[in-house]
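Biologist: I've got a fresh model on my screen and a coffee in hand. Can you walk me through it?

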Amino acid sequence: MKPEKLIICGWGPYKEETKIDFEGFAERKLFLITGQTGAGKTTIFDAITYALYGTLSGEIREKGSVRSDFADENTKTYVELQMTHRGERYKICRNPEYLRPKKRKSGANEFTKEKETASLTMPDGTIIAGNLDVTAKVEEILAMDAEQFKRISMIAQGEFSKMILANPAEKTAIFREIFATGFYASIQSSLKQHADAIYREYMICQNKMEEDVHMLTVPGEEWEKISTAQHIDFQKAEQFLADRCKLEKEEIKKEQKEEKKLQEELLSLQEKKTLATQVNAEFERYENVCGKLKELEDRKEETELLKKQLKEARNADILSFEEKGILEKEREQENRIQKQQRTSEEIESLKEKIKELSQLYENRQKMEEGYRIKELLTQLKQNGRDASEKTTLAQKELLKVQEEYERVQDDSDRKRMAYERADSAYRKAVVGIAAKLVKEGEPCPVCGSLSHPHIAHISEEIPDEKQLEQLKRDFEESRENCSRLFERALHCKEDVSAKQEQEKESKMQYEKAKEGFDTLPEFVKEYLDKGIAKETFAEKMTAFGEYGILQKEKEKALQELKAEEKTAKEELEKHRESFKKTMHKMGFATVEAYRKALCKPETLEKTEKSIQTYGEELASARSMKEHLETSLKGKSRIDEAPLLQAITRNREKSREVANRIKESSLLTEQIKKSLAGIREKLKKAEEWKKQYGIWKDLDNLASGNNEKRLVFEQYVLAGYFERILKAANLRLYTMTDGRYELKRALKITDGRKKDNLEITVMDFYTGKERSVKTLSGGELFKASLSLALGMSDCIQAENGGITVETLFIDEGFGALDEESLDQACNTLQTLAKDSRLVGIISHVPELRERIENKIIVEKKNEGSYIRQIYEK
């Protein structure tokens, strides 16, 4: 089974319809189901399991509790699964039982239970409905039930780590359920029970024979003494029953003779009664036939009239075929006349078209010149519009540049004046600037004095050198911008002049072409002004020549049609004369008389059948009357009442005899049955004793009372266990780089136990075996995963009809380091090859990085949502 699409609605944490597309994982079949704890990852497998089998995957989950608490009360709760199996596509829809609002609300209780339903759509479109029927069909298709599916397709969190650490008794219980080896345990129990049962049979055989004697009731004192004795003499009882059985058989034979005599008398009476019934019935039939014959003879005149009408109708039917031929020829003649008229009209139409086009054809060169000039005028007019638009755009650009130049020029003037004011102030304050350099005790840069009692103060508004330099740079930059805009304005002005010149040139060319157009003849200009396309004119010139040829062809065809019409008219008249002669010959004076005789085929057939039926019924009635008169000659009616009374008395005597025979036969059968039972039980008593010794030996062997202290079921389970460990070691070898191998412990440490399913691990690094309980958390997960995959393979191999195309692994990866995680992923990737789809259910962040195909379950306050990511 491989899922393609899953729809979950109103289910668990999913409050509304949620779709999961598994087909997106088709290329790389390993994918991850991840999300926060409690987000609803395992719910996806629950939904798949419920869709298939109507049950959930976990032991603590109940299908009655899956209704989402987040869902709106009008949201339905259901799952829909589309899957493929062995190349065939199936679709399953299920909904559990849950409370929904009533459609018609009334009273305090406004909710009602939505019943659990299911439907399965087969590959051929057939639909199977009903929970039990759908589940049964799914089990038949997948060849496994729900429990097998959950063990084979779902490796649940913690389940296999529990198994690997479980004691042998717990493993026995688990494997017994998986491989159904309870059958072998039942054999052990059955052997013991069978031995005990044989012993009990031997001991209670006497009691059963006593019960047989007590339960049998035989009339007479002798049997009363035998059956009530404290110690029954079974030999005497056997002899008595044999004698009594013989006596009852003789009595039955005597009664059977009497019964046979009564049956012979009854047979004779019944024959007389049957003869009387037949004679009376013939008299009744004779009276009915006479009545019917009179009725038929009264209808004779009516039938003769029908015969006459039938003859006329047949003659009219023959004439109708000839009349249909004449009508057909008249229609053909009418068609010829209409065709002549259409041809004449077409000739006139062609003449009009030729007349209309003749002037154009004679002046076709002028027309072509006119079309050329008109195309040139259109092009020149468009060129003029283009030049005008370009001139307008150039003028707008010039105006824009001029405005920008004026703005930049004003800004440059302001920056120049600011710089000049600052430069003047700077020059005037140069002494003050020198004063800045004077320090007490150092020579003045102007006078050289070491004493500076009155140092000049500098105004705060006087710029320093850096500020002056910045004002200068701003002014020069503005001046450069102004120069660039000036050059650009000159270029725009030149461009405007050039565009205006182009526009003027286009207008001159247009006027010149217009003068050429005005020199054309008036009818040419008028034709061109109508806006008729040049191609249309060319088509008309071509058509002008074709119209002349077509006119000649039509005139020739018209002459042929007239000749044909004349010949057909003469032939039609001949057919009309022939029809009249035939009509008179068949007895019809007028056409109206002929048409009156016509009738529908079904009416003709009905009339003919009615006449035929009348003749058959008349002949049959006459024949039957003659036959009955011959048969009843010399006979009279018979009274049946005395015969019925005699038959009733005979049947009452026969019932009395039959009851006596029945009572004797019943007693005889009871005696024979009891006698056979007593004889059989006496014979079997010795057989029970011999069999008990054989079955007791088998019981000791199967119950573990042997040298190896191995019970029968443990022997079978050990075989399955060895195969599981062998399959598990194929994966464990890869995931541990060949370090570990799982083995079954062969030594029995406790002599009181009779099970041997203990697991040890062989450590090839140390060369020693040790308990699996000594493995670390990550190593234990690898061993558990290997054991789970090995068990899945073995179960699949054990059940030949099972095909595992999808495998889900729920949690456990959190205990692995990075290397171990890679090894586990590689192992699972090998499982995903071929056609198997492998899904990991985990919230471990490292897996998100390693597995590109993901189903991300996002947990929010209003419920969970699904987001899918596919491999790029």
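Modeller: Sure, and keep in mind that this is a predicted model. Let's start in helix α10 (residues 364-428), where arginine 414 and aspartate 411 sit three residues apart, so they are separated by about one helical turn.

Biologist: How far apart are the closest N and O atoms of arginine 414 and aspartate 411?

Modeller: Arginine 414 is exposed, with a relative accessible area of 51%, while aspartate 411 counts as partly exposed at 22%. The two form a salt bridge, and its closest N and O atoms are apart by 3.4 Å.

Biologist: Which residues do salt bridges with shared partners join into one network there?

Modeller: Arginine 414 and aspartate 411 are already paired in a salt bridge. Add the bridges that share partners, and the network is Asp411, Arg414 and Lys415.

Biologist: Lysine 681 also has a salt bridge with aspartate 212. Are lysine 681 and aspartate 212 buried or exposed?

Modeller: Lysine 681 lies in helix α17 (residues 641-702) and aspartate 212 in helix α6 (residues 182-215), so the pair ties together parts that are 469 residues apart in sequence. Their closest N and O atoms are 3.0 Å apart. As for accessibility, both lysine 681 and aspartate 212 are buried.

Biologist: Which strands are tied together by glutamate 80 and lysine 91?

Modeller: The side chains of glutamate 80 and lysine 91 meet in a salt bridge, at 3.5 Å from N to O. Lysine 91 is partly exposed, with 33% relative accessibility. The two residues are eleven apart in sequence and lie in different elements, so the pair links strands β4 (residues 78-85) and β5 (residues 88-95).

Biologist: And how many salt bridges does the count come to?

Modeller: The pairs we went through include glutamate 80 with lysine 91 and lysine 681 with aspartate 212. The full count is 24.

Biologist: On to the greasy parts. Which helix gives the most to the largest nonpolar core?

Modeller: That core has 69 residues, and those touching the most other members are Leu6, Phe22, Ile44, Ile48, Leu52 and Leu742. With nine residues, the top contributor is helix α18 (residues 712-735).

Biologist: What does isoleucine 48 touch, leaving out residues up to four places away in sequence?

Modeller: Isoleucine 48 is one of the residues touching the most other members of the largest core. With those sequence neighbours left out, its contacts are Met1, Leu6, Phe22, Leu81, Phe149 and Phe808.

Biologist: Which element gives the most residues to the lining of the largest cavity?

Modeller: Rolling a probe the size of a water molecule over the atoms reveals where empty space remains. Here the largest cavity has a volume of about 30 Å³, and its lining includes Leu732, Tyr740, Leu742 and Glu779. Two elements give two or more residues, β11 (740-744) and α19 (777-798). With three residues, the biggest giver is α19.

Biologist: How many of the residues lining the largest cavity are charged?

Modeller: The lining includes Thr736, Val761, Lys782 and Ala783. By class, six residues are nonpolar and one is polar, while the charged ones number two.

Biologist: Last one, for the whole chain: what percentage of the residues count as buried?

Modeller: The chain has 21 helices and 17 strands. Among contacts between residues at least 6 apart in sequence, 73% join residues at least 24 apart. Of the 872 residues, the share that counts as buried is 36%.

Methods:
Residues numbered from 1 in each chain as written. Predicted model: local features only at pLDDT ≥ 70, side-chain atom pairs only at ≥ 80, totals over all residues. Heavy atoms only, no water. Core = buried A, V, L, I, M, F, W, Y, C linked by side-chain atoms within 4.5 Å. Buried < 20%, exposed > 50% of the residue type's maximum accessible area, 1.4 Å probe, protein only. Helix = DSSP H or I, 4+ residues; strand = E, 2+ residues; numbered from the N terminus. Contact = heavy atoms within 4.5 Å. Salt bridge = Lys/Arg side-chain N within 4 Å of Asp/Glu carboxyl O. 1 Å grid on protein atoms, 1.4 Å probe; cavity = no way out; pocket = protein on both sides within 12 Å on 5 of 7 lines; lining within 4 Å. Points joined across faces, edges and corners; volume = space filled by probe spheres on them. Nonpolar A, V, L, I, M, F, W, Y, C, P; charged D, E, K, R; others polar.
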